[in-house]
Amino acid sequence: MPQPFYFGNPDRPLLGLRHAPATTARAAILLCAPLLQDGICCQRALWSLAESLAAAGVETLRFDWHGSGDSPGDSRDLRAEGLVDDVAAAAAFLAASVPGRARWLALREAALPLLAHAGRAGVPVDVVLWDPVLDGRALVARWRRQHGQQLHAAGRFLSKDVDCGGDELLGFVLDPALSAGLAGCDGTRVVLPAGSRLAVARWPHSPLDEAFVARQRAAGVEVETIALDAADAPDWDDPGQFELQWFPRRAVNRLAARLAAAA
């Protein structure tokens, strides 16, 4: 079972969940969850991935972004730069706990703050992007589109005229600075330090920016692609499944096996 604890900057503490191997860890990995509703829906998948890795001898750390989940603060505290700080704090904590270079995995839009931190690292890093969302502007537009569908088209409310405050998005009360900051993020332009390793895990229908991959290879980054089974790919944009937990068992098992084998 994971061991919960708080860590990080006292002014911006984070709730961590440590999935520890039964014996001395032979490697370590940081799991970064997506944001808002995606982050809620993916908890079972990330928990299962972390438990599988721990069983294979890999120390695994999950955490809640400051202002989300069981971390202190509330959703108004979410900021684009703060998310980058959270990744940095989690990566530093894991590096101090387990010797050697840890892998950093980001699911969906967690790729944006993770890449921002990795691009500034100045030393080779080991990054895994799972179904990555790299275009911050498109992400914010998708959120707003889904918000409108939940209000007016998904059958959630009897009245089609229902409205909410301008600071609410997908059930979260947010500072407008979050959307503005994320909309200004372009993960496709980030280039990892030379000597880094990048793995991209994706379902067949998932978009992959080939120019982003080409830039990494040109900069001396080793890139691999992990193909996931199309049959268990979640439909992120289906308004009728907005609040459902998703658990792509085959994708989790394949990722766990590949990451454990490479540890």
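This briefing walks through the overall build of the chain, three of its helices and a few loop residues. The model is predicted, so please read every value below as computed from that model. The chain holds eight helices and 10 strands. Its radius of gyration is 18 Å, which agrees with the value near 18 Å that a compact globule of 263 residues would have.

**The chain as a whole**

- Along its principal axes, the C-alpha trace spans about 55 × 40 × 35 Å.
- Of the 263 residues in the chain, 50% are buried.
- Take the contacts between residues at least 6 apart in sequence: 75% of them join residues at least 24 apart.
- The chain exposes about 11700 Å², and carbon and sulfur atoms supply 53% of that area.

**Helix α5 (residues 136-152)**

- Helix α5 has 17 residues and reaches 25 Å from its first C-alpha to its last, close to the 24 Å expected at 1.5 Å a residue.
- Its buried residues are Gly136, Leu139, Val140, Arg142, Trp143, Gln146, His147, Gln150 and Leu151.
- Seen down the axis of α5, these buried residues fall within an arc of 170°, so they line one face of the helix.
- That buried set packs against the helices α1 (36-41), α4 (111-119) and α6 (176-183), and against strand β7 (168-169).
- Turned away from the buried side of α5 is a face that carries the exposed residues Arg137 and Arg144.
- At the N-terminal end, aspartate 135 caps α5, with a side-chain oxygen 3.1 Å from the backbone nitrogen of arginine 137.

**Helix α2 (residues 43-55)**

- The 13 residues of α2 should span 18 Å at 1.5 Å a residue, and the end C-alpha atoms are indeed 18 Å apart.
- Buried in α2 are Ala45, Leu46, Ser48, Leu49, Ala50, Leu53 and Ala54.
- These residues pack against five strands and a helix, namely β2 (14-19), β3 (27-32), β4 (58-64), β5 (103-107), β6 (126-130) and α8 (249-262).
- Just after α2 comes glycine 57, which takes a positive phi of about 90°.

**Helix α8 (residues 249-262)**

- Helix α8 has 14 residues, and its reach of 20 Å from first C-alpha to last is close to the 20 Å expected at 1.5 Å a residue.
- Ala251, Val252, Leu255, Ala256, Leu259 and Ala260 are its buried residues.
- Seen down the axis of α8, they fall within an arc of 150°, so they line one face of the helix.
- The cover over the buried residues of α8 includes α2, along with β3, β5, β6, β9 (197-202) and β10 (222-227).

**Arginine 108 and aspartate 131**

- Arginine 108 sits in the loop between β5 and α4, while aspartate 131 lies in the loop between β6 and α5.
- Both count as buried: arginine 108 has a relative accessible area of 7%, and aspartate 131 has 4%.
- The two side chains are joined by a polar contact of 3.0 Å.
- Leaving aside neighbours within four places in sequence, arginine 108 is in contact with Pro34, Asp38, Trp130, Asp131, Pro132, Val133, Arg142 and Trp236.
- One of these partners, Arg142, is also among the buried residues of α5.
- Aspartate 131 has a phi near 50°, a positive value in a residue other than glycine.

**The loop between β7 and β8 (172-173)**

- Leucine 170 lies in this loop, as does glycine 171.
- Which of them is buried and which is exposed? Leucine 170 counts as buried at 8% relative accessibility, whereas glycine 171 counts as exposed at 58%.
- Although it is not a glycine, leucine 170 has a positive phi of about 55°.
- Glycine 171 and leucine 36 are 135 residues apart in sequence, yet their C-alpha atoms are 8.4 Å apart in space.

Technical notes: Residues numbered from 1 in each chain as written. Predicted model: local features only at pLDDT ≥ 70, side-chain atom pairs only at ≥ 80, totals over all residues. Heavy atoms only, no water. Helix = DSSP H or I, 4+ residues; strand = E, 2+ residues; numbered from the N terminus. Expected span 1.5 Å × (residues − 1). Buried < 20%, exposed > 50% of the residue type's maximum accessible area, 1.4 Å probe, protein only. Arc of directions from axis to C-beta. Contact = heavy atoms within 4.5 Å. Polar contact = N/O pair within 3.5 Å; in protein donor to acceptor, adjacent residues only side chain to side chain. Rg over C-alpha atoms; globule rule 2.2 N^0.38 Å. Areas by Shrake-Rupley, 256 points an atom, 1.4 Å probe, with all protein chains shown as cover.
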